[in-house]
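The following exercises are to be worked with the sequence and the model side by side. Each begins with a task and continues with a stepwise solution.

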Amino acid sequence: MKLEPIAQHLVTEDVAEQGVDLFIYNMPSGVEIGILLISSLSGTEIDYELPGFKRTSFQAIVRHTEFVEGRELADLVSSTLTLKNGTMLDNLLVRYIRPRHEPVVYPVSEGDYLEFSINFDAVYIET
């Protein structure tokens, strides 16, 4: 999935700033508070019967130093990226984007950070 329109939506909604606390595919280890977007490892399936129609998933990871604030940011990301039929993100006509589960927290090593993981399902049409 092309994550740039998803990232731009987070920027437009004032959730984060690209390159400061919002990253795609790689978040520097020194970032204490940030959001990382990652495509599914299996990629986005190509359906030759329905050109442009995509069904896929992606992951958002929220890093924070504090549990409560991190959970609040993860919930904000989750609600901001819950989109319904008809939303346009760049050249994507979204049928839906929705979280599969509530944020799952796990500790990250070196900097004593916490990371909250959210997996999203997405169906859209590339226009």
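## Exercise 1: One acidic residue and its partners

Glu-126 counts as partly exposed because its relative accessibility is 24%; this class lies between buried (under 20% relative accessible area) and exposed (over 50%), with a 1.4 Å probe and protein chains only. The model is predicted, so local features need pLDDT of at least 70 and side-chain atom pairs pLDDT 80 or more, while totals for chains, interfaces and linings use all residues. Numbering starts from 1 along each chain as its sequence is written, and side-chain values use heavy atoms, without hydrogens and water.

**Task.** Determine which residues form salt bridges with Glu-126 and where in the chain they lie.

**Solution.**

Step 1. Apply the criterion: a side-chain nitrogen of Lys or Arg must lie within 4 Å of a carboxyl oxygen of Asp or Glu. Side chains of opposite charge can pair when their charged atoms come close.

Step 2. Lys-2 satisfies this criterion, with an N to O distance of 2.7 Å to Glu-126. The two residues are 124 places apart: Lys-2 belongs to the segment before α1 (4–12), and Glu-126 to strand β7 (residues 114–126). Helices (H or I, at least four residues) and strands (E, at least two) are DSSP runs numbered from the N terminus.

Step 3. Lys-54 is also a partner of Glu-126, the closest N and O atoms being 3.7 Å apart. This pair connects strand β7 with strand β3 (residues 53–64), across 72 residues of sequence.

Step 4. Compare the two lysines. Lys-2 is partly exposed because its relative accessibility is 46%, whereas Lys-54 is classed as buried because its value is 16%.

## Exercise 2: The surroundings of a buried lysine

**Task.** List the residues that Lys-54 contacts, leaving aside its neighbours within four places in sequence.

**Solution.**

Step 1. Locate Lys-54 in strand β3.

Step 2. Search for contacts, that is, heavy atoms within 4.5 Å. Thr-44, Glu-45, Ala-122, Val-123, Tyr-124 and Glu-126 are found in contact with Lys-54.

## Exercise 3: A further salt bridge and the network

**Task.** Describe the salt bridge between Arg-100 and Asp-121, and identify which residues are joined into one network by shared partners.

**Solution.**

Step 1. The side chains of Arg-100 and Asp-121 come to 2.6 Å, N to O. Arg-100 sits in the loop between β5 (92–99) and β6 (104–107), Asp-121 in strand β7, and 21 residues separate them.

Step 2. Arg-100 is partly exposed, since its relative accessible area is 47%. Asp-121 is partly exposed as well, at 24%.

Step 3. Bridges with shared partners join Lys-2, Lys-54 and Glu-126 into one network. In total, the structure holds 6 salt bridges.

## Exercise 4: The fold and its nonpolar interior

**Task.** State the order of the secondary-structure elements and find which elements supply the largest nonpolar core.

**Solution.**

Step 1. Count 2 helices and 7 strands in the protein chain. From the N terminus they follow the order α-β-β-β-α-β-β-β-β.

Step 2. Consider the overall dimensions: along its principal axes, the C-alpha trace spans about 50 × 30 × 25 Å. Of the 127 residues, 39% are buried. Among contacts between residues at least 6 apart in sequence, 58% join residues at least 24 apart.

Step 3. Define the core as a set of buried Ala, Val, Leu, Ile, Met, Phe, Trp, Tyr and Cys residues joined through side-chain atoms within 4.5 Å. The largest such core has 28 residues, and Met-1, Ile-6, Ile-35, Leu-37, Phe-58, Val-77 and Ile-97 touch the most other members.

Step 4. Two or more core residues come from each of α1, β1 (22–24), β2 (34–39), β3, α2, β5 and β7. The largest share, 5 residues, is that of β7.

Step 5. A second, separate core has 5 residues, including Phe-23, Met-27, Leu-36 and Ile-61.

## Exercise 5: The buried residues of helix α1

**Task.** Which residues of α1 are buried, and which elements do they pack against?

**Solution.**

Step 1. Pro-5, Ile-6, Ala-7, His-9 and Leu-10 are the buried residues in α1.

Step 2. An α-helix has 3.6 residues a turn, so residues three or four places apart point the same way.

Step 3. The buried residues of α1 pack against β1, β2, β3, α2, β4 (87–89) and β5.

Step 4. Just beyond α1, Asp-14 adopts a positive phi of about 60°.
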